[in-house]
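Trainee: Could you show me how to read a protein model, one feature at a time?
Mentor: Gladly; let us look at it together.

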Amino acid sequence: MTSAGYAEIERTFDVNPATALPPLHDLPGVTHVEPPVEHHLDALYYDTADLVLAGRRLTLRRRTGGDDAGWHLKLPVAVDERREMREPLGDDPEQIPEGILTLVRAVLRGRTLVPVVRLRTRRTLHQLVGENDVVLAEVCDDEVQADRFAPEALSQTWREWEVELVHGSRDLLDAAQARLASVGVEPSANPSKLARALGDQLPAFVTVPAPRPTRKSSAGTVLMAYVHEQVRAIGIQDARVRENDADGVHRMRVATRRLRSALSTYRDLLDRAVTDPLRDELRWLAGSLGAARDAEVIRQRLAHRLAQEPVELVVGPLMERIDGHFAEVIRAARKQALAALDSKRYFRLLDTLDALLAIPPLLPRADKPASTVIPELIRADWKRLRAAVFLAQGTPSGTVRDGALHEARKRAKQLRYAAETAMPLRRTRAVRLVAAARQVQDTLGDHQDSVVARDELLRLGMAAYLQGENAFSYGRLHAVERSGAAAMETRFFRTWRDFPKASISK
């Protein structure tokens, strides 16, 4: 598995070939400098033909030599900080490790990785050591030979110094920079060796800064800040989903639902020719992600119910049948989710989300104050929830009411997400409304799980009967679920009367 990652905090400096490294032994906290050690490094950098990784300041290389040979993926964190993920070299120098590929598939979106640059570096390493022989920083004096392969071949040579923290503080980094400046050395204008090697082919940094809304912001600014947050969450969780991380699946699914809900609540502020098809695609993605988790929730629910039954009332191999059934469902659902994430449809969706951030499809009404517009939108969602609850309350018990309560749950979820967008306006009131809507969502979600569990128990019981097994216990669990759901309905309608008003503005 790919390493958890290393924080790489460093600064790079352009150096004249004749410049001598100044004394560093008297920098703050440094007790001595180890004798220099020479390394010969050979690194092959990979990217797509259109340099999509470089455009996001991601660096993927296979390096030999030195004490950290292997595959390295560097992800930007801050101006002078990156996170480096590592994998061993492996036997095949052309086989990029799956753990590395998993982390960049959402960026590659089906594109092929090819070698783009080769860097050969003669490195003289100086370690700055503090008390108890702790290495505080490393200063690298690098003589670089860079060869760019495409679209036009380019060869360059240069010298640079790198100061990288190991266990030292940023104060040491600042002091080292000041010492280097004393001999006329300035920070490099290039963000990395790869950037310098690419030269005029280095693409512009692909990033859209997230808005920072306040109470005085426009409705469009508040909306786009929330949209940025959800799109970012989808990107972050992509790799975790590919590794079958259950929490990653849940978080990515929630982000798609939040985003889809926001586009619905704010639909009168948006160009729906753009956002309506996007909402459909987000629904597809959430559905593709959720089947495995939904099946696992029902499996755990039935296992819990079964564990509460008296032993003498459990007739037949119920747990074995339940586990076997859901294992197959979950396996197929996970396969479906991974196929979705590797599909052209998903990659097009990611492209659409990038375009949404770059050029928000906002209508003129989005320029109005958020403090005026958003409370109206939240109140509209609150009214939809209230209408859905009243409809369910007036519907006779049975499958029709089950459907009506499920619809009310979806309305509660939309109100909850709408209230989340109002956090920059009236945080205390928004938090109260979010909590109330979530309580409805959770209660009715439990009710819906009971509906699904009963359907599964009916199927399992019929399958057991057809195989000559006693189906008594399946029927008993079905009755327990039905009784629990009826009590849940009564409790929900009783507590609904305390649901708060949708007041955000006052």
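**Cores, helices and strands**

Mentor: Leaving out residues up to four places away in sequence, F499 touches W382, L385, L415, L433, A436, A437 and V440, where contact means heavy atoms within 4.5 Å. Before we go on, note that this is a predicted model, in which local features need pLDDT of at least 70, side-chain atom pairs count only at pLDDT 80 or more, and totals for chains, interfaces and linings use all residues. Residues are numbered from 1 along each chain as its sequence is written, and side-chain values use heavy atoms, with hydrogens and water left out.

Trainee: Which residues have the most contacts inside the largest nonpolar core?

Mentor: A nonpolar core is a set of buried Ala, Val, Leu, Ile, Met, Phe, Trp, Tyr and Cys residues joined through side-chain atoms within 4.5 Å. Buried means under 20% relative accessible area, exposed over 50%, and partly exposed in between (1.4 Å probe, protein chains only). Here the largest core has 68 residues, and Y346, I374 and F499 have the most contacts inside it. A second, separate core has 19 residues, including V30, L136, L165 and L173.

Trainee: How many helices and strands does the protein chain have?

Mentor: Helices (H or I, at least four residues) and strands (E, at least two) are DSSP runs, numbered from the N terminus. This chain has 13 helices and ten strands. Of its 506 residues, 48% count as buried.

Trainee: Where do the buried residues of helix 3 lie around the axis?

Mentor: Start with the general idea: an α-helix has 3.6 residues a turn, so residues three or four places apart point the same way. In helix 3 (residues 170-181), the buried residues are L172, L173, A175, A176 and L180. They cover an arc of only 165° around the axis, so they sit on the same side of helix 3; the arc is that of the directions from the helix axis to the C-beta atoms.

Trainee: What do those buried residues of helix 3 pack against?

Mentor: They pack against strand 1, strand 8 and strand 9.

Trainee: How many bridges join strand 1 to strand 9?

Mentor: Two strands pair if DSSP finds at least two bridges between them. Strand 1 (residues 6-14) and strand 9 (residues 154-165) run antiparallel and are joined by five bridges. Within strand 9, E162 stands opposite T12. Strand 8 (residues 135-148) also pairs with strand 9 in the antiparallel sense, over twelve bridges, and D142 has E160 of strand 9 as its bridge partner. Strand 8 and strand 9 form a hairpin, with five residues between them.

Trainee: Now a single residue: is F326 buried or exposed?

Mentor: F326 lies in helix 8 (residues 318-341). It is buried, because its relative accessible area is 2%. Beyond its neighbours within four places in sequence, F326 is in contact with A295, I298, R299, L302 and E456. F326 and A292 are 34 residues apart in sequence, yet 9.1 Å apart in space, C-alpha to C-alpha.

Trainee: And which residues is E489 in contact with?

Mentor: E489 belongs to helix 13 (residues 472-495). At 10% relative accessibility, E489 counts as buried. Setting aside neighbours within four places in sequence, the contacts of E489 are S397, R401, D402, L405 and H447.

Note on methods:
The expected span of a helix is 1.5 Å times one less than its number of residues.
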